[in-house]
Amino acid sequence: MTEPSGTSATLTGVAKTFPDGTRALHPTDLAIARGETLVLLGPSGCGKTTLLRLIAGLEASDAGGAIHFDGEDVTALPIERRGVGMVFQSYALFPNMSVAENVAYGLRVRGMGRRARLAEAASFLALCRIEELGERRITELSGGQRQRVALARALAAKPRILLLDEPLTALDANLRETLRAEIDELLRRLEVTSVYVTHDQAEALMLGDRIAVMEKGRIAQIGTPQEIYRGPATSFVAEFVGLTNELRGEVAAGVFRATHGAMPARHLRDGTHTLRFRPEDALVGPATSVGDGLVMEVAAAVFVGGHQIVTLAGNPPLRAHAPADMPLALGDRVGLTLRPDAIKTF
Ligand SMILES: Nc1ncnc2c1ncn2[C@@H]1O[C@H](COP(=O)(O)OP(=O)(O)OP(=O)(O)O)[C@@H](O)[C@H]1O
């Protein structure tokens, strides 16, 4: 078995306007590196699937857009000549064929004999941990097993680029987790260039070498999971990757004042600011005097093992972490310390 070889892809000015005038994708430039897993992350309707379909050759770009695979212009090539593999949410398998035949199907077009095809298919079934299911009908499989078959079939055809559109969305939470880890391991081991569409932040952070966060038909930010998580470029990106807390107040002479109290903010200009920060970057401790710290009221506290997740009253309420052993009761007044380097302002 030879491993799928990674191909680089370059999109220049690729855009999509549907006949009814919907601008699903504004002109977009995008470079996908050889062997990279790029995740397209964003809310429903932001254009993820449209971008994926343009790379696949299932949609044609508006005039002026171009797509190159390893420098080769594939803009005018239909899907069957682009050498892409696809894995969808709805498995798109042939129900009347066995598992092995499904996986071997893609090899037919490559002119391989039946025996060689089935041998090759068997090695990909093993890779996707379903070697014992080769003789089963598709209708006799669970959802997770079907998705493994879809993945094995796509990989067996040795695609230049593997395109996955929400492949785990239809599965239950436990199975999602398992398959996500396996897909991650497989894509890295085979170094297959892949583009993975999801609206699930955790999935994106775990699978992506880079993540492109999409908003209303544009890439709002592209970067490594760390870059996106730690340095969201816009409030949309911040919100979408879970930077959930918002605290509004005034800065004057290096001090941030909100209704909950005040704290040093030497790095902020004077004026109104909305601070955003993650729960894990906000620590609950004993209340200070309101003049030199934020003081808030406990609305709820949940023990989650290593720490407590505390909801602090306010509009909107804030989420923060507290030590596991800190006694906390409804209505307690507590102090809140924010890690200065974890605060984003927009
Ligand atoms: N054939 C079409 N004709 C007209 N509009 C379309 C067509 N296909 C998609 N759209 C619109 O283009 C926009 C982007 O759709 P797309 O499917 O790419 O979004 P998405 O981010 O993949 O969303 P989801 O996560 O819900 O699948 C949406 O507003 C959608 O309604």
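Biologist: Helices (H or I, at least four residues) and strands (E, at least two) are DSSP runs, numbered from the N terminus. What kind of model is this?

Modeller: It is a predicted model: local features need pLDDT of at least 70, side-chain atom pairs count only at pLDDT 80 or more, and totals for chains, interfaces and linings use all residues. Residues are numbered from 1 along each chain as its sequence is written.

Biologist: How many residues surround the ligand?

Modeller: 13 do, counting a residue as near if its C-beta atom, placed from the backbone, lies within 6 Å. The closest are Phe 18, Ala 24, Ser 44, Thr 49 and Thr 50.

Biologist: Which helix gives the most to that shell?

Modeller: Helix H1, residues 48-56, with three residues.

Biologist: Switching to the sheet. What is the strand order?

Modeller: S2-S1-S4-S5, an open sheet with antiparallel pairing (strands pair at two bridges or more by DSSP). S2 (23-32) and S5 (72-73) are the edges; each has a single partner strand, so one side of each lacks a neighbour in the sheet.

Biologist: And how many bridges join S1 to S2?

Modeller: Six, with S1 spanning residues 9-17. Thr 17 has Arg 23 in S2 as its bridge partner.

Biologist: What about Lys 158, buried or exposed?

Modeller: Buried, with 21 other C-beta atoms within 10 Å. The cut-offs are 20 or more for buried, 12 or fewer for exposed, partly exposed in between, with C-beta atoms placed from the backbone. Lys 158 sits in the loop between H4 (143-156) and S7 (161-165). Its phi is positive, about 50 degrees, though it is not a glycine.

Biologist: Where is Glu 166?

Modeller: In the loop between S7 and H5 (173-190). Glu 166 also has a positive phi, near 45 degrees. Glu 166 is partly exposed, with 19 C-beta neighbours inside 10 Å.
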